[in-house]
Amino acid sequence: MPVARKMISADAWLCESRGMLPNFVLIGFMGCGKSSVGRRLSSLTGHRFVDTDELVVKAEGRSIPQIFAACGEEGFREIEQRVLGDLVGVAGVVLSTGGGAILREANREALKKIGIVVWLDSEPSTLFERAIRSGKRPLLQTPNPRETFDQLLSARRPTYESVADFRFDSSLVDQEEAARKVLEQAMRLQSRRA
Ligand code: S3P
C-alpha cells in the first residue's frame with residue numbers, strides 16, 4: 001500500500017538537523033530577493049549571512065558602481081571570483097551572490113562546492129521593477145534598461161538552471177515564507193541524497 005509522504009515543516013527540519021545543516025547558496029537575477037530571503041534564511045538556520053557584493057565592496061573600499069566605472073565589468077568579475085574562491089570550505093553560511101556570479105566556470109564550480117545552490121526566480125516584470133528601483137546597478141545604466149534587462153535575463157537563465165540544485169519561484173510568497181520553503185526544499189533534497 002502506498003505510504004503518504006510525511007510533510008515535514010521547516011521547524012521540524014531544524015529540530016532534527018541542528019548542527020548538520022549544509023550551507024545555502026542563493027543565485028538568481030538582480031532583484032530576485034537573494035539578500036532579503038538570504039537574511040531570513042540566516043535567521044531561521046542560525047547560519048551567518050554572507051553577500052559576495054558586500055565582500056567585494058569591503059575588499060575594494062569602494063562601491064560597485066565605482067568599481068565598474070574604474071575597472072569595467074571584467075575588473076569587477078576578477079574581484080568577485082577571488083572573493084568566491086575564498087569562500088570554498090567555509091561552514092555555516094547562507095551565501096547571497098551577485099546576479100552575474102554564475103557567468104564564470106570557476107565560480108560555478110566554487111558555488112557547487114560551497115553548498116546547496118538555490119536559484120531564486122520571479123516574474124520578469126517583478127525582477128525588473130526591483131532591479132531598477134535602486135538606480136545603482138551598473139549593468140542597467142543603458143539607454144534602454146528594459147531591453148538590456150531582457151537580453152541579460154534570457155542569456156543567463158540556462159546557466160542559472162544548470163548550476164542550481166533547484167529553482168524556487170518567489171512570485172507568490174512573501175520573503176519569510178520563501179525562506180521557509182527554500183529551507184524545506186533544500187532539506188528534502190539533502191535527505192534524498194543521504
Ligand atoms: C550584477 C548583479 C549585482 C552586482 C553587480 C553585477 C549582475 O548584484 O553583483 O551589479 O551581473 O547581474 P545583485 O544581483 O545583488 O543586484
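Around the ligand in this predicted model sit Met30, Lys34, Asp53, Ile64, Gly98, Gly99, Gly100, Arg137, Pro138 and Leu139. Sorted by class, that shell holds four nonpolar, three polar and three charged residues.

Now step back to the chain as a whole. You can pick out eight helices and five strands. Read from the N terminus, the elements go α-β-α-β-α-α-β-α-β-α-α-β-α.

How does the overall size look? Here are the basic figures:

| Feature of the chain | Value |
|---|---|
| Radius of gyration | 17 Å |
| Span of the C-alpha trace along the principal axes | about 60 × 35 × 25 Å |
| Residues that count as buried | 36% of 194 |

Why does 17 Å agree with a compact globule? Because a compact globule with 194 residues would have a radius of gyration near 16 Å, the chain's 17 Å fits.

The contacts reach a long way along the sequence, too. Take those between residues at least 6 apart: 74% of them join residues at least 24 apart.

Then there's the inside. The largest nonpolar core has 44 residues, and the members that touch the most others are Phe24, Val25, Ile27, Leu95, Val118 and Val182. Which residues does Ile27 contact, leaving aside its neighbours within four places in sequence? They are Thr97, Ala101, Ile102, Leu111, Val117, Trp119, Tyr160, Val163 and Ala164.

Terms used:
Residues numbered from 1 in each chain as written. Predicted model: local features only at pLDDT ≥ 70, side-chain atom pairs only at ≥ 80, totals over all residues. Near = placed C-beta within 6 Å. Nonpolar A, V, L, I, M, F, W, Y, C, P; charged D, E, K, R; others polar. Helix = DSSP H or I, 4+ residues; strand = E, 2+ residues; numbered from the N terminus. Rg over C-alpha atoms; globule rule 2.2 N^0.38 Å. Buried ≥ 20, exposed ≤ 12 C-beta atoms within 10 Å, placed from the backbone. Contact = placed C-beta atoms within 7 Å. Core = buried A, V, L, I, M, F, W, Y, C linked by C-beta atoms within 7 Å.
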